[in-house]
Amino acid sequence: MKKITIAFLLSLFVAAAFAQDLSYYLPRNVQYNKSIPTPASIVGHEVGEWHVTHDRLVQYVKAVDQASDRMILKPLGLTNEGRQQLALIITSSENQQRLEQIRQQHLALTNPDQSSSLNTNEMPVVVWMGYSIHGNESSGANAALLATYYLAAAQGPEIDALLKNTVIILDPSFNPDGLNRFANWVNMHKSFTPVSDPNAREFNEVWPGGRFNHYWFDLNRDWLPAQHKESRNRLSLYHDWKPNILTDHHEMGSNSTFFFQPGVPSRVNPNTPAKNQELTAAIGNYHAQFLDSIGSLYFTKEGYDDFYYGKGSTYPDINGAVGILFEQASSRGHLQETENGLLSFPFTIRNQFTTTLSTLAAAKGLRKQMLDYQRSFFKDVIKEAEAYPVKAFVFGDAQDKAKTQIFVEMLLRHQIEIYPVKTEINAEGKIFKPGSSFLIPTAQKQFKIIKTVFEKTFNYKDSLFYDVTAWTMPLAFGLPYAEIKTNISTNSQKLNQPVELSAAVIGSSNPYAYAIKWNEYYSPKVLYKLQERGIKTKVASKQFKMMIAGKEEFFDYGTIIVPLSIQSMDAQTVAGMVNEAILHNGVDAYALATGFSSDGIDLGSNSFVHLKKPSVMMFGGNGTSATDVGEIWHMMDTRFNIPVSIVDVDRFGAINADRYNVIIMASGTYNNLNKNAQDKLKEWISGGGTLIATEDATKWLSSNGFTKVLFKSGDDKRDTTLQLPYFLRSDETRAKDMTGSLFEAKVDLTHPLGFGYNNPSVTIFKSNTLFMDKNNGAYDSPVMYTDQPLQSGYLYRGYKNAVKNTAAVNVDNLGRGRIISMVDNLNFRAFWLGTSKMFMNAVCFGPLIR
């Protein structure tokens, strides 16, 4: 009888884990407005019974918006998959009547010229509640259902006081596409008889998983680069309001508990004011109190840090606000066995909702402190900027308009004041000319962002990092820039929007051929568009000069020519296609009147090599890094409009590889590429194919006999007599990680991989401990790290000798084909434009490499 009772009680517990009514989550002794729809009445299930899909989440917030006078629905935009990004702006009905006045007054708090006269005793605090930027960390987005209901329906003096003194921006899903992908996965594998075995399919998503957005990017690393739609949409509203607190609700490993900030004190970015950390700790006291009240375990001040400003919990810290990271142990499905017992999905949601309430309580209790801090932050920023030795940064590339424009666009998203250069500036031995250069004075309220965008860092309090250690943006973009340490006049109107790219056909009205220089970022896009339309193209493997309108024009390695005599269409049709291809891409075309050069090779020379249109396949699926694959896919698809066929590794043996002339192996283990598939790949390369490999894939190719590449080990000579306390063991191991630093390499400008570069110095992002020896061939290592390569970031002492003078890129010939081994990620997070050109050179010019 006792056994039956225990089994019965267990079954009740398990059933409850799947379906909890609102009383499990909501504060007690609160009355709720019955005219506000409950989540179950709209989405069709209790909160936590199923994982809410994004369409139902949107359906619910729209229904509540219609029913409540406390809310205004704010559309932000659409994701790549066409899902709505939206936010609810929540405050009292009285505040809603003067919402724009409140917003303008709040923005004035961030303006040192206006803020002194503001009375913060009477101002509402602004709180942004953000959920599930990683789509498979979905307890946050499901908690957003509860937050929406509570803030619309709760009644009584406590909620009235909260809404009177607070404007809440509720973003129910930072990552709609990823959330929907994950919800579909776990819901389709849910059993009605609960399965809690961690080995079950429900808890183990297929590649690429729901963490990422459509292009398999981690959006929580994109707040600063802002290269994705979701980030751009979000930043627009962020700077419309400049919140005082922003919460970022995440999940972590199932065997953990719950984390809230502050994180590790020694890993706070030095650009973050000490007062920010004091307020973070003060807010943390509220989280502790609320979690204690429901008996939940938690930890703080370990594991996570506040260093990289590209994350949701750190970006606010450089904008006069406090960012708060929450990490909840993940059920990954509906009910999972863990070291702490059965972990149910409703339990994870309750913790996320509870810390939503604790954040709001903190905002209300610390309201004046938060507002006063925001005012003082921006006043102190101006003082700090005035004391900063650099008075302005100047940047711009006269030979690459598009890359300059993309950089300007990024800066404007952060409300940085930028001015076009009106008179030539000579700084640090570089010349910046009007029409292609821009000036950023440091004495402005976004100084902290400017500083983190441009600065190099070498000294750190700690050697452990949760993310990258450096991100100097002009180096990442490969843009010339300089510091100006004397006061300089802007002498122009500041930019309100990016300068639109323009292009023109220059030269003869009766052309013999067209020439397109390769220095512009979008040159590969123009080339592919011409090839796709059936235009025959050649590339210059040597330099030449031509007379155009009485002026001698220089054409460098990599110049594309379109001779009219070899085309299958008439000159007028070709002219129309050339004009269409260059339009809006910033790539000029030169109409050449003759094939006779004034210097260098003539147009009939064999040094002009016929080009084939790239037909590209990329390995994906199990055994590959989803983010690395996604970065390449995103670049080729959205930047250059070149189609890429992504083929799962284990399907390669069954496909016709001959339809491709380029195959890409992004970083991965490739253990599921069997012997027959390997032989097939070698045969394809030998037949003339170009194989491009990055990071770990280069090591796999070497280990499996595809290349002769050798790797060096890091110089980790330790004092064997040293006795360290055991608790430091894991920290010492982690200190050897290469989480991400910047290194200088030299590129051979005459090599096809160097076409389009004007400066042999390039900055490469390195986040691995692979150190590749130079190949034996004299021409097989066209990109080499320098003798003193570190440009910014943390480098473990044992790797200082290991990285210098090693190869960043090696080339191995196999039959009539070639393997291009790129030991690092040249396309990092969609903003490393300075080396993505090199990657595209491999795609476009691989067959030239012998």
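**Notebook: cavities, a pocket and helix contacts**

I began with the largest cavity, which is lined by Asn269, Pro270, Phe307, Thr452, Glu455, Thr457, Thr469, Ala470, Trp471, Thr472 and Ser792. On a 1 Å grid over the protein atoms alone, a cavity is a set of points where a 1.4 Å probe fits but cannot get out, and lining residues have an atom within 4 Å of a point.

I noted that this is a predicted model, in which local features need pLDDT of at least 70 and side-chain atom pairs count only at pLDDT 80 or more, while totals for chains, interfaces and linings use all residues. Residues are numbered from 1 along each chain as its sequence is written, and side-chain values use heavy atoms, with hydrogens and water left out.

**Entry 1: cavities**

I found 4 cavities of 30 Å³ or more. The largest cavity holds about 70 Å³ of space; a volume is the space filled by probe spheres set on the points, with grid points joined across faces, edges and corners. I sorted its lining into 4 nonpolar, 6 polar and 1 charged residues. Here Ala, Val, Leu, Ile, Met, Phe, Trp, Tyr, Cys and Pro count as nonpolar, Asp, Glu, Lys and Arg as charged, and the others, Gly among them, as polar.

I then looked up the second largest cavity, with about 60 Å³ of space. Its lining includes Tyr521, Glu631, His634, Trp832 and Ser836. Helices α18 (626-639) and α23 (833-845) each supply at least two of the lining residues, and α18 gives the most, with 4 residues. Helices (H or I, at least four residues) and strands (E, at least two) are DSSP runs, numbered from the N terminus. By class, I recorded 7 nonpolar, 3 polar and 2 charged residues in this lining.

**Entry 2: the largest pocket**

A pocket is an open set of points with protein on both sides within 12 Å along at least five of seven lines. I read about 880 Å³ of space for the largest pocket. It is lined by 37 residues, and Asp397, Gly478, Leu479, Pro480 and Asn759 lie nearest its centre. The elements giving two or more residues to this lining are β15 (430-432), α15 (473-477), β17 (481-484), β33 (761-766) and α23. I listed 14 nonpolar, 13 polar and 10 charged residues in the lining of the largest pocket.

**Entry 3: helix pairs**

I looked up α6 (residues 139-153) and α11 (residues 345-365), which pack at an angle of about 50° with their axes 8 Å apart. Axes are lines fitted to C-alpha atoms, for helices over the stretch in contact, and angles run from 0 to 180 degrees between N-to-C directions. The angle therefore makes α6 oblique to α11; angles under 35 degrees count as roughly parallel, over 145 as roughly antiparallel, 65 to 115 as roughly perpendicular and the rest as oblique. Among the residues making the contact (heavy atoms within 4.5 Å) are Leu146 and Tyr150 of α6 and Phe353 and Leu357 of α11. I counted 10 nonpolar, 6 polar and no charged residues in the contact of α6 with α11.

My second pair was α10 (residues 274-293) and α12 (residues 367-387), packed at about 165° with axes 11 Å apart. These helices are therefore roughly antiparallel to each other. Lys275, Asn276, Leu279 and Ile283 of α10 meet Gln369, Met370 and Tyr373 of α12.

**Entry 4: Ser702**

I placed Ser702 in helix α20 (residues 696-703). Leaving aside neighbours within four places in sequence, Ser702 is in contact with Thr707, Val709 and Phe711.
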